[in-house]
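Hello,

Here is the structure I promised to pass on. Please have a look at it first, and then read my notes below.

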Amino acid sequence: MIAGNSILAGLLLHVTVFATASTKPQFKPSKLQSIPLDLSPSYNNKAFGTYSGETSFDTLGQSYPVPDLATPYYTSSDTGIAYSFPGYTGPNKTDNVICSSQTLSVPAGSYFSASFLISADKEFATVSGNVTFTYADNSTSLYELRSLDWYSFLTINRGELIFPSRFTATGVDYNTSHIFERTASLDPSKELRAITLPDASNADDGRLHVFAVSLWKGGSVVDVQSVRPTQKWLGSGLQVVEITVNNAGLECVAGDGLTLSLSGDGLQTIETGYLKRLCPGDQKVVIVGVEAASTNPVTASVIIDNGATQSSFDFEDVQFGLIEWTTDLDNLAKHESPEWFNDAKYGIFIHWGPYAVTGWGNSSPYESYAEWFWWYSTHHPQADRSDFYDYRLRTYGEDWAYDDSFAEFTASNYDPKTWVDLIADAGAKYFVITSKHHDGFALFDTGESSNRSALHYGPQRDLLGELFDAAATYQPELRRGTYFSLPEWFNPDFGPYGFDQLDSRSTPGTSSWPGVQATNPYTGVAEPYIGHVPVIDFLSDVMLPQMEALAYTYGTDIMWCDCGAANTTAAFASKWWNAARAQNRQVAVNSRCGVPEAADFDTPEYERFSSAQRRKWESNQGMDPYSYGYNRATPDAAYMNATVLIYTLVDIVSKNGNLLLDIGPRADGSIVQAEMDSLREAGRWIKSHEEAIFNTTYWFVQSEILGGPDVRFTQTNEAFYVLFLERPVVQDGVVEIAAPVPVLEGDEVSLLAVDGGENLAWSVTGQGSQTILKIETADVLLDKEEFCWVFKIEYA
């Protein structure tokens with residue numbers, strides 16, 4: 001690592017050019033480097049402290065602990081970008097910037113991208129604002145700088161930097177805290193003059209903090225930004241290495257494209273990577289399959305071949321090889337979502353249990369999660385805004401207990417084949433079912449750990465096993481996942497680990513998992529916990545064996561945890577990942593298992609983003625307006641229809657997300673007709689347009705057209721897709737797309753899946769950010785489509 005004034009080499013590398021006889025233009029790579037900006041003149045906040053009360057990062061007297069870094073620089077493990085990151089600067093010395101429209105000066109030059117280390121200082125709030133980049137010609141571009149909250153209850157989020165705790169005003173909280181990384185594309189054909197931060201300084205809404213900004217100075221045509229060996233493998237067992245390639249030049253990579261390989265001491269490329277199209281300002285990740293003789297760090301050379309000229313980019317101290325999984329946190333952090341999950345895009349969530357018997361959560365705008373019926377009805381009035389208390393009393397009487405619902409949880413109309421056929425008809429590629437929710441009632445065989453399950457009560461059937469078997473038999477292409485609540489609200493053995501989400505003294509209505517038997521809210525009598533088997537330790541005797549049953553007996557592909565406070569995740573995950581690799585299975589763990597390092601993807605609820613997120617995420621929400629479990633108070637018209645479903649899916653996929661869409665079956669196993677109808681209606685569109693959805697990636701350049709029509713973008717190595725979420729407007733026989741889409745002479749443009757929409761005439765005006773693609777079409781052609789109009793650009 002080389003430091004000098006305000007310039008730092010992002011990775012130790014040098015570029016060598018090998019020329020061969022050819023008439024094709026040779027690569028002329030320039031020196032590559034991260035250029036960290038000096039933000040110290042703009043510092044106005046202190047984030048890092050050495051003890052409770054030393055500073056106040058937020059407005060509540062809380063702060064980050066001191067980062068454990070050997071130098072005042074930090075290099076991203078994901079992007080390879082290097083930042084000036086001083087961390088703790090001393091008592092009473094500031095170390096970050098609260099965004100309030102400051103203008104940052106930049107060294108004169110043209111840049112490929114600008115990367116930020118950021119966080120937001122209000123719990124449960126996503127804070128964002130537009131950064132403005134100003135160029136020498138006085139033109140500007142905008143980027144939505146967005147951050148999740150800096151500390152995360154139950155590790156729903158995972159940042160680029162993870163801290164084991166945070167200082168509160170009076171002590172230490174051992175929920176993790178995080179700093180996130182975001183990268184904006186720039187116009188490399190223009191000279192950048194300044195960066196203006198957004199105004200996001202309102203404490204009531206949450207403030208946006210910037211810790212570091214780094215510019216990437218690309219080369220003249222094709223640059224390699226980073227080489228990232230993963231712990232994923234190709235079907236043949238080869239290690240997957242991700243190579244991030246940028247085009248900071250003025251011409252597109254096209255035609256025969258580029259072939260990428262890696263070489264180094266003991267390193268051999270078995271499957272080369274291929275890049276067909278890369279236009280100025282764009283970035284793509286290319287996968288190469290390698291074999292490594294050892295896990296010792298080596299100097300790795302990326303060889304890029306255009307068929308006439310080779311260019312070599314060297315990266316020092318790169319560690320290759322598939323490792324054995326252990327409980328070490330740095331080891332666990334190397335695991336990530338497998339390619340099948342990244343490509344699958346769309347899954348169906350199923351919330352089903354005894355809470356389907358009560359099946360009530362009020363209706364909008366007073367709706368709450370119906371699956372929380374037991375908890376809400378016993379936490380009145382402090383947490384019961386939907387009045388579960390009164391509904392329970394007038395419906396069941398004061399002597400009723402939640403476990404009385406078991407007998408009515410019959411599954412009498414449950415047909416697992418019908419369920420998996422519906423999921424396939426919907427166009428989804430995987431499903432996740434609640435194996436056990438917070439009420440502790442399991443849909444699978446929990447062995448000796450508990451008798452509180454559907455095998456002993458209610459239907460007396462292995463409901464989860466039947467569904468998995470039906471999927472394997474009738475829809476074998478579907479991946480199968482299991483939601484698993486780590487805690488149980490009212491299991492007395494969970495008592496030593498019981499917790500409140502927030503301080504109950506200041507927030508009496510906080511969600512809680514107390515680990516004591518529930519109290520009847522009308523009589524004060526302790527409610528039964530039927531099927532409970534007393535154990536010595538909940539974690540080792542209940543949680544771990546149940547997770548292992550789902551992993552090994554049922555063969556789940558996704559362990560979708562929830563509410564991971566006290567946990568055995570490190571021991572479970574390391575053992576499972578080793579066993580799965582031995583079976584040539586690539587499996588996934590979500591971000592709620594209690595260990596942020598063991599988190600393959602983020603899991604926001606009922607949330608979407610305005611720009612792409614490089615880290616994989618999966619948004620989960622119900623077809624119900626605001627419930628996952630069945631809610632009989634929801635009218636049919638309120639369920640998500642096909643129009644909203646397709647809009648939501650396309651929007652999320654275009655920003656590197658997956659959609660996990662929930663249905664809540666009734667207690668008898670039947671599914672609301674309105675949900676089934678919308679799923680199938682949307683599924684017909686999804687299947688006819690699936691090439692624009694599945695196995696695609698997001699566009700690095702932009703996610704939407706600001707101020708323009710409601711458009712999204714996806715791409716593969718062979719084609720680019722422009723997805724209109726509103727009917728395109730035809731003017732003078734042309735639909736205009738004001739974005740620098742990578743279309744070149746010889747490409748074929750079509751209106752996907754529309755008869756007569758093949759080989760449409762097109763032209764391009766302007767260049768760079770002023771580019772407009774004009775596609776000749778007619779309203780009579782657009783009339784043949786509904787929901788979303790997809791223009792496909794097939795590369796020549």
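In these notes, Ala, Val, Leu, Ile, Met, Phe, Trp, Tyr, Cys and Pro count as nonpolar, Asp, Glu, Lys and Arg as charged, and the others, Gly among them, as polar. This is a predicted model, where local features need pLDDT of at least 70 and side-chain atom pairs count only at pLDDT 80 or more, while totals for chains, interfaces and linings use all residues. Residues are numbered from 1 along each chain as its sequence is written, and side-chain values use heavy atoms, with hydrogens and water left out.

Let's start with the cavities. A cavity is a set of points, on a 1 Å grid over the protein atoms alone, where a 1.4 Å probe fits but cannot get out; lining residues have an atom within 4 Å of a point. A volume is the space filled by probe spheres set on the points, which are joined across faces, edges and corners.

There are five cavities of 30 Å³ or more, and the largest holds about 110 Å³. Its lining has 14 residues, with Gln231, Trp233, His335, Gln586 and Val587 nearest the centre. By class, six of the lining residues are nonpolar, three polar and five charged.

Now for two helices (DSSP runs of H or I, at least four residues, numbered from the N terminus). In α10 (residues 642-653), Ala642, Leu645, Ile646, Leu649 and Val650 are in contact (heavy atoms within 4.5 Å) with Ser678, Leu679, Glu681, Ala682, Trp685 and Ile686 of α11. This contact has nine nonpolar, one polar and one charged residues.

Best wishes

Terms used
On a 1 Å grid over the protein atoms alone, a cavity is a set of points where a 1.4 Å probe fits but cannot get out, and a pocket is an open set with protein on both sides within 12 Å along at least five of seven lines; lining residues have an atom within 4 Å of a point. Axes are lines fitted to C-alpha atoms, for helices over the stretch in contact, and angles run from 0 to 180 degrees between N-to-C directions.
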